[in-house]
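The following account leads through a protein–DNA model, moving from charged side-chain pairs to the relation between the chains and then to the nucleic acid. Please keep the structure in view while reading.

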Protein chains: 2
Amino acid sequence: MAVRPQGPARRRSAAATRQAISEAARDLFADSGFDAVGIRAIAAHAGVDAALVIRYFGSKERLFLEVMAVDLPVAAVMDGPLESLGQALVEHVLDLSSSRAGTLAVTSLSALFRASERAPVQQTLREIIERAFAVPLVGRLRGGDAELRAHLIAAQIGGLLTSLHVVQDPVLGRADRASLAARYGAAIQCLIDGED
Amino acid sequence: MAVRPQGPARRRSAAATRQAISEAARDLFADSGFDAVGIRAIAAHAGVDAALVIRYFGSKERLFLEVMAVDLPVAAVMDGPLESLGQALVEHVLDLSSSRAGTLAVTSLSALFRASERAPVQQTLREIIERAFAVPLVGRLRGGDAELRAHLIAAQIGGLLTSLHVVQDPVLGRADRASLAARYGAAIQCLIDGED
DNA sequence: GTCTATAAGTCGATAGAC
DNA sequence: GTCTATCGACTTATAGAC
């Protein structure tokens, strides 16, 4: 085996270092929020030096934006039949927490939400909503005010998500999946159907 | 006139000092959030010394909780007729921003939402929801799952409030009051009516 | 490519003089 | 009741050695 080169520590490829920082930041930001997580903690968690975090990402805020800008994984259910989309959407949202990817999306969204006094974070949130709801829905909705209705549906889903994961409403936590999907699904269906 | 006593600065009554700190904290927290506002800034804004802020309120977090725990002023509309409560509720929420007290409630609520990774803040939010929605609604709703439905209505209003004031969705910002109240009001009415 | 060292500043909270 | 002074720890970000 070749002896290690003269660098102060073991080398990794640039890509591997970047990725390690990315993953550490994602995990820490997602469960403690932007302000509570320092660059030192991210570096320690990634096994790199704190200066590298800035070197690779420019600033803590840019790192946050790059790492938390996930898409809400609802594309599949949004293409389903319109007549039962309300209930299907709620079921899908309730099931997010049982997959690793879903949990990550939900915790990232909560972190974005909590950091939304920063203008670029707010912009990121708007883009996520636009991609997840407005884009797939506006063309499909019958009746007037399609764009408004799509954004109101996004507001409803946002309300459900924040009640579940930000406020952590105990009544919603105790409720069974079926009644929750039926009740809230019906309210969303109301906006899908339109009926002007 | 009696000469001023030997204190290092002009005296105020304890109550007046407390109130000055309270008001400064309320304003600053409401438009910049918990983390972004330091004790020194609050003190400067109130015209007092930074040490007094801690002396009077114990800690920055206790000050935040005491000052931001407002009630959402919806009691009046919640007692209105059930058949049109959905639309009335949305109209009321949309009109909050045109009164001083309403704006204060909305910005305080936004600040609480954004600081909700702290357990006591989360608890405060739950109590606000309980008082504003569950208490006045549970007894009045006909049909099953009254408690669940009341909390889902709270989730819907929460979604509307956060879309308007936290995310600041531009589509909702541009929409006219009447269509917004009609569309979202109908969706809320759906949960009020029940129809199991 | 990775490190040490440090700049330059913030923070919440406390002790004690007056 | 109000102040000064300060503790101790933290922050983001940079400069430059290796």
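In chain B, the side chains of B:Arg118 and B:Glu117 form a salt bridge whose closest N and O atoms are 3.9 Å apart; the term denotes a side-chain nitrogen of Lys or Arg within 4 Å of a carboxyl oxygen of Asp or Glu. This is a predicted model, in which local features need pLDDT of at least 70 and side-chain atom pairs count only at pLDDT 80 or more, while totals for chains, interfaces and linings use all residues. Residues are numbered from 1 along each chain as its sequence is written, chains are lettered from A and ligands numbered from 1 in the order in which they are written, and side-chain values use heavy atoms, with hydrogens and water left out.

Both partners of this pair are partly exposed: B:Arg118 has a relative accessible area of 24%, and B:Glu117 one of 34%. Here buried means under 20% relative accessible area, exposed over 50%, and partly exposed in between, for a 1.4 Å probe and protein chains only. In chain A, salt bridges that share partners join A:Asp35, A:Glu61, A:Glu117 and A:Arg118 into one network. Within it, A:Glu117 and A:Arg118 meet with an N to O distance of 4.0 Å. A:Glu117 is partly exposed at 33%, as is A:Arg118 at 24%.

Which residue of chain B pairs with A:Arg183? The partner is B:Asp145, at 3.4 Å from N to O. This salt bridge crosses between chains, from helix H11 (residues 177–193) of chain A to the loop between helix H8 (119–138) and helix H9 (146–165) of chain B; helices are DSSP runs of H or I with at least four residues, numbered from the N terminus. A:Arg183 is buried, with 12% relative accessibility, whereas B:Asp145 is partly exposed at 37%. Over all chains, the count comes to 16 salt bridges.

The two protein chains can next be compared as copies. Chain B is superposed on chain A by a rotation of 180° with 0.1 Å of shift along its axis, at an RMSD of 0.1 Å; the fit is by least squares on the C-alpha atoms of residues with pLDDT of at least 70 in both. The copies are therefore related as by a two-fold rotation axis. The same surface serves both, since 100% of the contact residues of chain B recur in chain A, contact meaning heavy atoms within 4.5 Å.

Turning to the DNA, 20 residues surround strand C, the closest being A:Asp49, A:Arg55, B:Ile39, B:Arg40 and B:Lys60; a residue is near a strand if one of its heavy atoms lies within 4 Å of it. H3(A) gives the most to this surface, with 4 residues. Among the polar contacts (pairs of N or O atoms within 3.5 Å), a polar side-chain atom of B:Arg40 lies 3.0 Å from a base nitrogen of strand C. The side chains of A:Thr17 and A:Tyr56 each place an N or O atom 3.2 Å from a phosphate oxygen of strand C.

Around strand D there are likewise 20 residues, A:Arg40, A:Lys60, B:Asp49, B:Arg55 and B:Tyr56 coming nearest. The largest share of this surface, 4 residues, comes from H3(B). A polar side-chain atom of A:Arg40 is 3.1 Å from a base oxygen of strand D. On the phosphate side, B:Tyr56 places a side-chain N or O atom 2.9 Å from a phosphate oxygen, and a backbone N or O atom of B:Asp49 lies 3.2 Å from a phosphate oxygen of strand D.

How values were computed:
Polar contact = N/O pair within 3.5 Å; in protein donor to acceptor, adjacent residues only side chain to side chain. Helix = DSSP H or I, 4+ residues; strand = E, 2+ residues; numbered from the N terminus.
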